[in-house]
Amino acid sequence: MKSLFFFTGLACLVPFAFHLDERPSAAPAQTLQEASPFPIGFAINPATLQRNAAYRQTVTQEVNSLTADVAMKPSRISPQKGVYDFGKAAILIDFAQAQKKRVHGHALVWFIDTSPAWLKQIRDSTELENTLKTYIQTVGTHFKGKVASWDVVNEAFNDQGGIRTDSLNKSGKTLLNLGKILGQDYVARMFQYARAADPNARLFYNEYGQETRPAKLAAVVAMVTDFKRRGIPINGLGLQMHINIDTPDSGIEEALRKSAETGLLVHISELDIALNPGKKKDFSATPELLEKQYQKYKFVVSTYKKVVPAPQQFGITLWGVDDGTSWIPGYCQCPDYVLPFDATFAKKRAHQGFLDGLK
Ligand code: XIL
């Protein structure tokens with residue numbers, strides 16, 4: 001009895017004390033999805049979602065849209081010819097349904113080495129066309145009603161604005177040479193196959209580097225104009241936006257403006273902002289660099305909100321949840337801290353930058 005009395009007595013006093021000292025100045029902590037008029041997403045890994053409670057809690061609270069970082073790529077969905085494995089993707093889909101979050105499918109067709117080896121071995125144009133058609137039909141049908149949208153083709157253009165026709169990358173790795181084998185117009189046909197597979201999914205063309213490669217940006221816009229003229233189904237443009245604190249603001253704004261002028265939905269589909277563009281091995285983050293990152297997040301988000309008309313705002317997806325699981329350090333072989341959450345899932349200044357950009 002005594003301890004209960006003490007407890008309730010204290011409980012009466014505490015709100016009063018807070019009211020006087022702290023409450024008037026302390027703004028309520030806001031999550032990204034609460035603050036945003038358009039969907040906010042993370043690219044997530046289903047296994048990490050299951051294993052790591054802090055990761056799961058951050059995903060649950062902060063965002064209302066999910067993309068699989070790798071689980072819905074061809075190499076994971078179909079590791080062998082004729083074999084389909086939807087198990088990892090199902091974890092993500094079940095979680096999204098339980099939490100009422102949107103799922104964006106990523107990606108049906110991609111030239112790079114996450115395409116499975118068996119697919120990259122196909123050199124005959126008819127065989128490759130039919131194989132991709134079957135893949136899109138099978139996967140599109142499987143996820144019908146489960147995904148809102150698809151990145152149908154990822155990264156078809158080179159930096160000069162031509163369709164890629166390389167068989168090897170810079171380090172000699174085999175690529176899926178879609179442009180050479182299937183011809184320049186293959187992107188249009190992949191969109192037609194996707195539309196046939198899922199009539200309700202919104203279909204995106206996804207690309208990187210539009211903010212620093214004007215020829216590529218122009219090529220994407222010209223492709224949309226051509227698709228519209230020919231009646232090829234396309235609903236949106238994904239701008240990956242793997243940028244850094246020195247990426248010029250003018251290029252970011254231009255990429256968003258030109259993409260919005262197509263009239264399609266615009267998705268910042270893979271946002272992260274590097275602190276270490278020089279890829280220094282002995283790098284560490286300083287308060288000054290974290291402040292620059294705050295500014296760049298704020299600029300990207302506020303510019304998206306300003307330049308993209310509201311009905312075209314498909315949303316902004318961060319490529320990863322936290323600095324500890326981000327893909328960037330592995331990719332650049334260097335330390336970096338690119339996301340709004342640090343490796344302990346604490347909010348960085350970048351998180352405030354995102355919120356301030358939404359104001
Ligand atoms: C990355 C994943 O995050 C990594 O885990 C994987 O090893 C490679 O792919 N552009 C894209 C994404 O469209 O699919 C890439 O994701 C990052 C670059």
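Student: Which atom of the ligand lies 3.2 Å from an N or O atom in the side chain of Gln 240?

Tutor: A nitrogen atom of the ligand does. This is a predicted model in which local features need pLDDT of at least 70 and side-chain atom pairs count only at pLDDT 80 or more, whereas totals for chains, interfaces and linings use all residues. Residues are numbered from 1 along each chain as its sequence is written, and side-chain values use heavy atoms, with hydrogens and water left out.

Student: What makes the approach of His 106 to the ligand a polar contact?

Tutor: The term requires a pair of N or O atoms within 3.5 Å (within protein, one must be able to donate a hydrogen and the other to accept it, and residues adjacent in sequence count only if both atoms are side-chain atoms). A ligand oxygen atom is 2.7 Å from an N or O atom in the His 106 side chain, so the pair meets that limit. For the side chain of Glu 270, the distance from an N or O atom to an oxygen atom of the ligand is 2.7 Å.

Student: Why is Ser 75 called buried?

Tutor: Buried means under 20% relative accessible area, exposed over 50%, and partly exposed in between (1.4 Å probe, protein chains only). Ser 75 has a relative accessible area of 16%, and is therefore buried.

Student: Which residues is Ser 75 in contact with, leaving aside its neighbours within four places in sequence?

Tutor: With contact meaning heavy atoms within 4.5 Å, they are Thr 114, Ser 115 and Pro 116.
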